[in-house]
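Visitor: I'm new to this, and I'd love a close look at one single part before I get lost in the whole thing. Could you take me there and then show me around a bit?

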Amino acid sequence: MSDTIIIADMTKEQARAELARLADLLNTANHAYHTEDAPQISDADYDALKRRNTEIEARFPELKRDDSPSDQVGAAPAEGFSKLRHAVSMLSLSNAFDAEDVEDFDARVRKYLGLGTDPLRYTAEPKIDGLSLSLRYEDGELVSAATRGDGQVGENVTANARTIDDIPQSVKGAPAVLEVRGEVYMSHEDFKALNTRQTARGGKTFANPRNAAAGSLRQLDASITRARPLRFFAYTWGEISEPLADTQMAAIARLAKMGFQTNPLTALCDVPADMLAHYAKIEQMRSQLGYDIDGVVYKVDDLALQGRLGFRSTTPRWATAHKFPAELAWTRLEAIDIQVGRTGSLSPVARLAPVTVGGVVVSNATLHNEDYIAGRDSKGGEIRAGKDIRIGDWVEVYRAGDVIPKVADVDLTKRSDTSEPYVFPKTCPQCGSDAIREPGDAVRRCSGGLICPAQAVEKLKHFVSRSAFDIDGLGAKQVEQFHADGWISEPADIFTLRDRYGTGLQQLKNREGWGEKSATNLFDAIDARRDIELARLIFGLGIRHVGEAASNLLALHYGSWEAFADAMDAAADPASEAWGDLTGIDGVGAVMAGSLTAAFAQDTERAAIDRLVAHLRVQTAERPDTSGSPVAGKIVVFTGTLERMTRAEAKARAESLGAKVSGSVSAKTDILVAGPGAGSKAKKAGELGIETLDEDGWLALIEGA
Ligand SMILES: NC(=O)c1ccc[n+]([C@@H]2O[C@H](COP(=O)([O-])OP(=O)(O)OC[C@H]3O[C@@H](n4cnc5c(N)ncnc54)[C@H](O)[C@@H]3O)[C@@H](O)[C@H]2O)c1
Ligand SMILES: [Zn+2]
């Protein structure tokens, strides 16, 4: 908005045109945010536009439009939902952005009430970044649930609300009519897991937990909402047949007693300084809460005073939202380090002059890969308007949810004339081997394999990780130490540690952090892992593309280490039957198969695997006992969208019940499980007369098995 006119200099005509432009922009933004759950601009930009609109209206009150954005709350209910009219409107909140705004709020309230300097109490509580929901209970039973909509009429989401664990179906000790209001939100952990699941099944991912919560609650099909882990905090109420209490604090305590979740960070404040102190405390805790908040809400505690203060057109006079500054900051990029991963990937990391972003000190940020640094996406398109990132640049850093900070922008006006574009290394900084970028891969990789110390350490860390060998007392830290001291350089070395260093325990015992007991425990824990499940061994090898789920599939398919290793050798020839058998496993594609056979065919890598296996007794993978399972031996195909489990979960569960999961429908197929959007497979199954179930039907079939 660099070319916008300063409000003080505006003519009436310019103001009229500007108000029209802002109404248009804000309308579009509201629709994208509230109706589509997919904002097109940042909240900070939206707030700035809205403020500008208010300021122009304040200077030219006669120009205020009938459809002024200042008089609007949210957006009208979306098509498809039935509508519910709120008995008491659901409004927005006025905003405060700094200490002065908070003091002004207190002064306004006092003036309105004619309180002078008499004591006045407020509550202060986190502003949850989700979407508001109104729950209506009649005689203690939940009868309806509605979103805010435009404040007067919301969307009927009763069936969806019933799927949320935090929302009681019935409450004891409530007034005959009780509308409980609060925020539906999604935790960071659940948000991440949801996006992972969505990616795995090719569904849409969400930009942030708020969008995910809104998109999940506002579903026409409640079974989708059920599959999404939503949560609810109660913080206010609508229509009530009798008062809950005399104060905000006591009313919330009563809701908590009825079984609603209420926020534990709610505090009573006697003066604005207390409010600011609580704000600072909450801001400090923000990154550890596990869910998104975007500010602190202050409310007059005395409900009689709330009643006297009442409402403006879109906001109560007795409350305000003190917003956190955007989680953005500018700082200097001091260096770019290259980290080498387990599979040799070279990952650039920005080393930053330390800066506080949203209450947390940040000194590193990810730069993803060389294209990202150059200002391009993986398809060669421009990002950041094509601006590249150079050492010495001033960069804008942001945090989204609780993930690693990222670099959003570069300030070219502060770039030094002598700076040069960053040259991404073409050799591995750890071992000097060529770093190669395969066509179609965004990542450059070290070709050094096991001679690369960085890859070796990462491989060792992976080897001892939870889903692999999971050796008690041998975590990432110990592995790094042992590797740095030359005690271990490959997994096989772990199993000779006792022979090499255990005599008298002198050496290990003398190391920092180790005593005789912990040393003995470590050796024993290592010995206990000489008996290992085939799936853990396959996963522990750390072969690229071969994850935990695939390792389980491979173990079940081949049964024993010998059979597996022989098959990998034979499958080196893509014309072989073994290759066909390998790629025929549902869940193993050609890319994974290629990666597996290459690892076995590569001499040094193969030798290291053989050295490891020589120390192990690999258990044969037992097919689970499936006698009595209704689907044992059946060939099952999944198609369409599954809403209550991921495809991988569905497959794993079916296999654990003795079914064979196949990727395509044929005359041999016994059951087709078809979710919404099932296409040709469902049609074919119909033609072949194959039993077809929906997801619920399938779950009912295997229930209790
Ligand atoms: N990026 C965009 O395009 C876009 C568009 C529209 C709105 N927005 C954003 O949405 C917000 C404006 O929407 P709004 O009208 O809902 O105002 P708001 O979010 O600033 O405040 C009102 C809402 O706060 C919520 N809330 C959370 N915790 C609360 C608590 N403890 N007590 C009381 N209320 C609590 C309630 O849902 C209430 O409806 C702004 O943050 C704005 O940036 C962004
Ligand atoms: Zn290397």
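Visitor: How do H20 and H22 lie to each other, roughly parallel or roughly perpendicular?

Guide: Quick housekeeping before we dive in. This is a predicted model, where local features need pLDDT of at least 70 and side-chain atom pairs count only at pLDDT 80 or more, while totals for chains, interfaces and linings use all residues. Residues are numbered from 1 along each chain as its sequence is written, and chains are lettered from A and ligands numbered from 1 in the order in which they are written.

Now, your pair. Helix H20 covers residues 561-570 and helix H22 covers residues 590-601. (Helices are DSSP runs of H or I with at least four residues, strands are runs of E with at least two, and both are numbered from the N terminus.) The axes of H20 and H22 come within 8 Å and cross at roughly 95°. An axis here is a line fitted to C-alpha atoms, for helices over the stretch in contact, and angles run from 0 to 180 degrees between N-to-C directions. So H20 and H22 are roughly perpendicular to each other. For the labels, under 35 degrees is roughly parallel, over 145 roughly antiparallel, 65 to 115 roughly perpendicular, and the rest oblique.

Who actually meets whom? On the H20 side you have Ala-565, Met-568 and Asp-569, and they meet Leu-596, Thr-597 and Phe-600 of H22. By class, this contact has four nonpolar residues, one polar and one charged. Two residues are in contact if their C-beta atoms, placed from the backbone, lie within 7 Å. As for the classes, Ala, Val, Leu, Ile, Met, Phe, Trp, Tyr, Cys and Pro are nonpolar, Asp, Glu, Lys and Arg are charged, and the others, Gly among them, are polar.

While you're on H20, find Ala-563, which lies in that helix. Ala-563 is partly exposed, with 14 other C-beta atoms within 10 Å. (Buried takes 20 or more other C-beta atoms within 10 Å of a residue's own, exposed is 12 or fewer, and partly exposed is in between, with C-beta atoms placed from the backbone.) From the C-alpha of Ala-563 to that of Thr-620 is 9.9 Å, though the two are 57 residues apart along the chain.

Let's set another helix pair beside yours. H3 (residues 99-113) and H9 (residues 272-285) have axes that come within 10 Å and cross at roughly 140°. That makes H3 oblique to H9. Here Ala-99, Val-102, Glu-103 and Asp-106 of H3 meet Pro-272, Met-275 and Leu-276 of H9. This contact counts five nonpolar residues, two charged and no polar ones.

Some helices are worth a look on their own. In H6 (residues 209-217), nine of the nine residues are buried. Packed against those buried residues are strands E4 (131-138) and E7 (177-185), along with helices H4 (158-161), H5 (188-200) and H7 (222-226). Helix H1 (residues 12-35) has 24 residues and reaches 33 Å from its first C-alpha to its last, close to the 34 Å expected at 1.5 Å a residue. That expected span is 1.5 Å times one less than the number of residues. The buried residues of H1 include Leu-19, Leu-22 and Leu-26, and helix H2 (43-59) is part of what covers the buried set.

Next come a few backbone oddities. Most residues other than glycine have a negative phi, and most peptide bonds are trans. Yet Asp-37, which follows H1, has a positive phi near 55°. Asp-139 has one of about 45°; look for it in the loop between E4 and strand E5 (141-147). With 12 C-beta neighbours inside 10 Å, Asp-139 is exposed. His-545 also has a positive phi, about 75°, and sits in the loop between helices H18 (534-540) and H19 (548-558). His-545 is partly exposed, with 14 C-beta neighbours inside 10 Å.

For a buried spot, try Ala-435 in strand E17 (residues 435-436). Ala-435 has 24 other C-beta atoms within 10 Å, so it counts as buried. Among the residues it touches are Leu-346, Pro-425, Arg-444 and Cys-446.

Finally, step back to the whole protein. There are 26 helices and 24 strands, and 33% of the 705 residues are buried. Of the contacts with a separation of 6 or more, 67% join residues 24 or more positions apart.

Definitions and conventions
Lists of a residue's contacts leave out its neighbours within four places in sequence.
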